[in-house]
Amino acid sequence: MMSGGGWKVLSVALLAWAVVATSATSFYYFRSSDLERQVTSFDRRSAMGLAAVVVDYANGSKDTFRVFFQIGRNDSALNATLVALGDEVTYTYYPSFGDVLINSIGGVVGNSTHFWGLYVNGQFSAQGAMNTKLYDGDRVVWNFTKVSF
Ligand code: B12
């Protein structure tokens, strides 16, 4: 048979245990969802993509390169082109567009009749190479295209 004092001690101990257990549970719950969020965003940031960069000189000569890039980091068509071709590419930055115009590839310079047209997955890009974002599996084609205007 427990005395009145004994019950009191037991109740206080149980109450203290309930408070500690509840605080610990919520602490670990929030900690784990925070970690989960960090892991998911790390995955998203570090996801890799693979693109093909094709240079079509429109004279029967074509070069193809495979370029890895990091989604959300260096995923522009310009970056893939520079990784593939390095200093074989020259370009001019236009602040008004916040983009670049590719002037020459492999020593072949755009002129009044031909320019280096940018295509992604067969579509003529509506923006320059810097603002054209790539996704895994994309195919970038630089085609020495006849000016039609
Ligand atoms: C002429 C022209 C071209 C010519 C420029 C050279 C020349 N011989 O004149 C050529 C054919 C090379 C060209 C190419 C492209 N062009 Co262009 N072009 C134009 C156009 C019709 C007129 C520009 C112009 O003469 N302005 C008058 C002069 C006085 O101003 P300027 O600032 O000095 O003009 C220069 C720049 O516009 C620059 N330029 C031309 N096109 C582009 C594209 C980009 C991304 C940049 C950074 C600069 C640039 O070249 C001009 C002459 O030096 C404009 C449409 C328009 N109405 O503005 C589209 C325009 C500027 N072009 C455009 C695009 C998308 C391209 C391409 C990326 C298309 C492609 N998928 O290949 C390519 C560039 C690819 C590469 N090699 O990097 C877009 C730009 C959209 C954007 N906000 O980024 C525009 C606005 C057309 C449109 N509405 O879609 N283009």
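In which loop does Ala58 lie? In this predicted model, Ala58 is found in the loop between strand 1 and strand 2, two strands that form a hairpin with five residues between them. The backbone of Ala58 has a positive phi of about 60 degrees, although Ala58 is not a glycine. Most residues other than glycine have a negative phi. With 13 other C-beta atoms within 10 Å, Ala58 is partly exposed, because a residue counts as buried when 20 or more such atoms lie within that distance and as exposed when there are 12 or fewer.

The strands on either side of this turn run antiparallel and are joined by nine bridges, in one of which Ala51 has Val67 of strand 2 as its partner. Strands of a sheet pair through backbone hydrogen bonds, either parallel or antiparallel. Strand 1 and strand 2 belong to an open sheet of five strands, whose order is 2-1-8-6-7 and whose pairing is mixed. At the edges of this sheet stand strand 2, residues 62-70, and strand 7, residues 123-124, each of which pairs on one side only. Helix 2, which spans residues 77-85, packs on the sheet and touches strand 1, strand 2, strand 6 and strand 8, and the direction of this helix makes about 120 degrees with that of strand 2. Strand 1, residues 48-56, also pairs with strand 8, residues 139-146, here in the parallel sense and over five bridges; Val55 has Trp142 of strand 8 as its bridge partner.

The largest nonpolar core contains 21 residues, of which Ala51, Ala77, Ala80 and Val140 touch the most other members. Two or more residues of this core come from each of strand 1, strand 2, helix 2, strand 4, strand 6 and strand 8. When neighbours within four places in sequence are left aside, the contacts of Val140 include Ala51, Ala77 and Ala80, together with Val53, Val120 and Leu134. Val53, in turn, lies in strand 1 and is buried, because 22 other C-beta atoms lie within 10 Å, where 20 or more are required. Apart from neighbours within four places in sequence, Val53 is in contact with Phe65, Val67, Ala80, Thr81, Ala84 and Val140. The C-alpha atoms of Val53 and Arg66 are separated by 6.3 Å, although these residues are 13 residues apart along the chain.

A second positive phi at a residue that is not a glycine occurs at Asn121, where the angle is about 50 degrees. Asn121 is placed in the loop between strand 6 and strand 7, and this residue is partly exposed, with 13 other C-beta atoms within 10 Å.

Another open sheet consists of three strands in the order 3-4-5, with antiparallel pairing. Strand 3 and strand 5, the latter made up of residues 108-109, stand at the edges with a single partner strand each, so that one side of each is left without a neighbour in the sheet. Strand 3, residues 89-94, is joined to strand 4 by six bridges, and the two run antiparallel. Within this pair, Thr90 has Ser104 as its bridge partner in strand 4, while Thr92 stands opposite Leu101. Four residues lie between the strands of this hairpin, in which Gly98 takes a positive phi near 60 degrees.

Val100 has its place in strand 4 and is partly exposed, with 19 other C-beta atoms within 10 Å. Once neighbours within four places in sequence are set aside, the contacts of Val100 are Leu78, Tyr91, Thr92, Tyr93, Gly128, Ala129 and Met130. Val100 and Thr90, which are 10 residues apart in sequence, are 9.8 Å apart in space from C-alpha to C-alpha.

The surroundings of the ligand remain to be described. Around the ligand there are 19 residues, among which Ile102, Phe115, Leu118, Ser125 and Gly128 come nearest. Strand 4, residues 99-105, and strand 6, residues 114-120, each supply at least two residues of this shell. By class, the shell is made up of 12 nonpolar, six polar and one charged residues.

Methods
Residues are numbered from 1 along each chain as its sequence is written. This is a predicted model: local features need pLDDT of at least 70, side-chain atom pairs count only at pLDDT 80 or more; totals for chains, interfaces and linings use all residues. A residue is near a molecule or strand if its C-beta atom, placed from the backbone, lies within 6 Å of it. Ala, Val, Leu, Ile, Met, Phe, Trp, Tyr, Cys and Pro count as nonpolar, Asp, Glu, Lys and Arg as charged, and the others, Gly among them, as polar. Two strands pair if DSSP finds at least two bridges between them. Two residues are in contact if their C-beta atoms, placed from the backbone, lie within 7 Å. Axes are lines fitted to C-alpha atoms, for helices over the stretch in contact, and angles run from 0 to 180 degrees between N-to-C directions. A nonpolar core is a set of buried Ala, Val, Leu, Ile, Met, Phe, Trp, Tyr and Cys residues joined through C-beta atoms within 7 Å.
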